[in-house]
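Got the viewer open? Load the model, switch to cartoon, and let's take a walk through it.

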Amino acid sequence: MIKDLWYKNAIVYCLSVRSFQDSNGDGIGDFEGLERRLDYLQGLGVTAVWLMPFQPSPKRDGGYDVADHYGVDPDYGSLGDFVAFTHAAKQRGLRVMIDLVVNHTSDQHPWFKAARADPDSPYRDWYVWSDKKPASADEGMVFPGVQTTTWTYDERAKAYYFHRFMPFQPDLNTAHPAVQAEILKIMGFWIELGVSGFRMDAVPFVIAKKGPEVKGEPIEQFDMLREFREFLQWRQGDAIILGEANILPRQDMDYFGDDADRLHMLFNFPVNQGLFYALAMGDHDPLVKALKKTAHRPASTQWAMFLRNHDELDLGRLSEKRREAVFSAFGPEPDMQLYDRGIRRRLAPMLGGDQRRLELAYSLMFTMPGTPVMRYGDEIGMGDDLTLKERECARTPMQWTGEAQAGFTTSARPTMPLIAEGAYGYPHVNVASQRHDPDSLLNWMERIIRTRKEVPEIGWGDFSVVETGADAVLGLRYEWRGSAVLCLHNLDTNPVEITLSASAAGPDGALLIDLLTGKRSEAERGRHRILMEGYGYHWFRVGGLDAPLKRKLA
């Protein structure tokens with residue numbers, strides 16, 4: 001069971017092939033370079049590598065404008081290089097996940113070229129057309145302020161085509177049986193080449209009914225998700241789909257399925273936004289509410305917990321007052337914000353480069369109920385380049401060394417500019433220097449990941465909120481198969497002493513052992529007195545390190 005549900009206690013690491021490691025000196029990362037860095041990822045402790053789009057693309061949207069779903073962009077190598085990479089990853093016990101971008105294609109995709117050229121083409125119905133401009137053409141833009149419409153007139157086709165995203169990304173008619181069959185073929189193709197899972201892009205748009213007649217609230221076609229799941233179960237039983245769906249908690253079960261027959265995993269956007277409000281204000285109440293609202297899910301499904309990713313930090317689910325509080329704390333300047341709803345910065349500069357706060361943030365992420373998903377470079381506290389447009393500011397190349405071009409490339413002119421100056425420049429922030437510093441963020445990250453992998457209660461168990469008596473101290477208790485852990489986090493800069501009853505920690509709560517330091521807390525008169533340092537955190541094994549074994553022997 002545990003083997004089949006590997007994603008329940010995984011550590012996922014997201015990266016862009018383009019930005020990770022160049023092997024041939026052309027200034028662009030590639031699969032051969034990524035393969036050379038697999039030992040680094042294995043040493044860090046990650047168990048699954050999620051790749052952003054690497055298929056052939058004009059790259060007008062970071063590769064999310066795919067022009068061929070069955071290939072590798074020549075910039076990054078060949079299909080042979082990809083297979084060599086997946087094989088090398090498997091040898092190291094690393095699973096590979098890739099982005100599945102099937103809501104839309106590039107307007108340079110052969111399917112769209114055929115569709116626009118001939119109304120009788122079999123590909124015409126693979127896209128969404130209208131003879132007249134629909135009344136809703138100025139609604140539903142994903143990128144407000146940048147995008148002006150969702151319907152664009154094509155001179156060659158003599159019709160309007162629908163695009164939920166940018167005009168160069170026409171939407172596929174995903175309700176069409178031939179398109180659905182093609183999506184299954186795409187998944188099957190990459191599974192045969194060594195892929196263990198897919199991060200499905202823009203799931204609510206993939207399953208939404210599309211057409212000029214659609215008005216009002218979106219109509220989701222959830223049977224699509226069941227068909228995708230059934231195909232994976234048949235083709236490779238332990239392959240998964242991780243869905244990107246920024247939805248309300250009341251919709252969670254629609255995406256998981258009451259019988260766990262739809263998506264295996266979902267990103268937990270409500271908890272992500274509540275977590276950043278907690279970090280900004282030292283108030284865990286919205287975070288606790290988000291945790292409770294998203295607590296219910298089938299046992300075989302899982303939440304993906306994250307801090308930052310390749311997109312902006314979306315704060316759209318927070319109230320206006322709380323959103324402004326997070327903006328004020330982490331993105332006060334206009335060039336730090338995006339689409340009036342998000343922050344486009346990396347985590348380290350958002351937290352002022354304060355390692356105490358960075359450790360607190362990651363400790364929180366690693367102890368949220370679900371599977372942690374990391375972003376490349378965050379393990380060393382990489383910064384951002386706000387002079388780059390929109391989301392590109394947080395997609396700069398990985399900083400390996402303090403030498404020329406950060407060890408990313410031997411080219412004097414890398415395609416993507418590196419962060420070379422300032423506090424986050426590669427002479428100061430890089431893997432090589434942090435490896436030799438026992439107190440570095442990188443070495444701390446390796447230790448915390450190792451500990452997290454040894455605490456399956458967080459990934460598998462049920463959680464409860466423990467009252468700590470301090471507004472700034474969040475307490476979460478996890479229990480699974482007779483063992484329990486208690487995780488405490490102080491969201492405030494000031495230290496505070498809290499008092500916990502042993503019974504609140506659980507049946508074996510008289511003894512707590514800190515998994516991160518080895519220190520013991522033995523209850524006196526049935527109560528623990530615990531000092532929470534400013535931005536402090538503690539992961540306690542309830543009942544001692546051998547409590548699970550003693551319970552089994554009892």
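We'll take in the whole chain, then zoom to two residues.

Before you click anything: this is a predicted model, where local features need pLDDT of at least 70, side-chain atom pairs count only at pLDDT 80 or more, and totals for chains, interfaces and linings use all residues. Residues are numbered from 1 along each chain as its sequence is written, and side-chain values use heavy atoms, with hydrogens and water left out.

**Whole protein.** Colour by secondary structure and you get 19 helices and 22 strands (DSSP runs numbered from the N terminus: helices are H or I with at least four residues, strands are E with at least two). The radius of gyration is 24 Å, close to the 24 Å that the globule rule gives for 554 residues, so the protein is as compact as a globular protein of that length. That radius is taken over C-alpha atoms, and the rule is 2.2 Å times the number of residues to the power 0.38. Along the principal axes, the C-alpha atoms fill a box of roughly 80 × 55 × 45 Å.

Now show the surface. It comes to about 22,200 Å², with 48% belonging to carbon and sulfur atoms (Shrake-Rupley method, 1.4 Å probe). Of the 554 residues, 61% are buried, meaning under 20% relative accessible area. Take contacts (heavy atoms within 4.5 Å) between residues at least 6 apart in sequence: 68% of them join residues at least 24 apart.

**Select His528.** You'll land in strand 21, residues 527–532. Is His528 buried or exposed? It is buried, with a relative accessible area of 0%. Show sticks and look for Ser521: its side chain makes a polar contact with the His528 side chain at 2.8 Å (a pair of N or O atoms within 3.5 Å; within protein, one must be able to donate a hydrogen and the other to accept it, and residues adjacent in sequence count only if both atoms are side-chain atoms). Setting aside residues up to four places away in sequence, His528 also touches others, including Ile498, Leu500, Gly509, Leu512 and Glu522.

**Select Arg346.** This one sits in the loop between strand 13 (342–343) and helix 13 (347–350). Despite the loop address, Arg346 counts as buried, at 2% relative accessibility. A polar atom of the Arg346 side chain lies 2.8 Å from the backbone oxygen of Tyr376. Beyond four places in sequence, the contacts of Arg346 include Arg375, Gly377, Asp378, Asp384 and Ala394. Finally, draw a distance to Leu100: the two C-alpha atoms are 24 Å apart, with their positions 246 residues apart along the chain.

Methods. Buried < 20%, exposed > 50% of the residue type's maximum accessible area, 1.4 Å probe, protein only.
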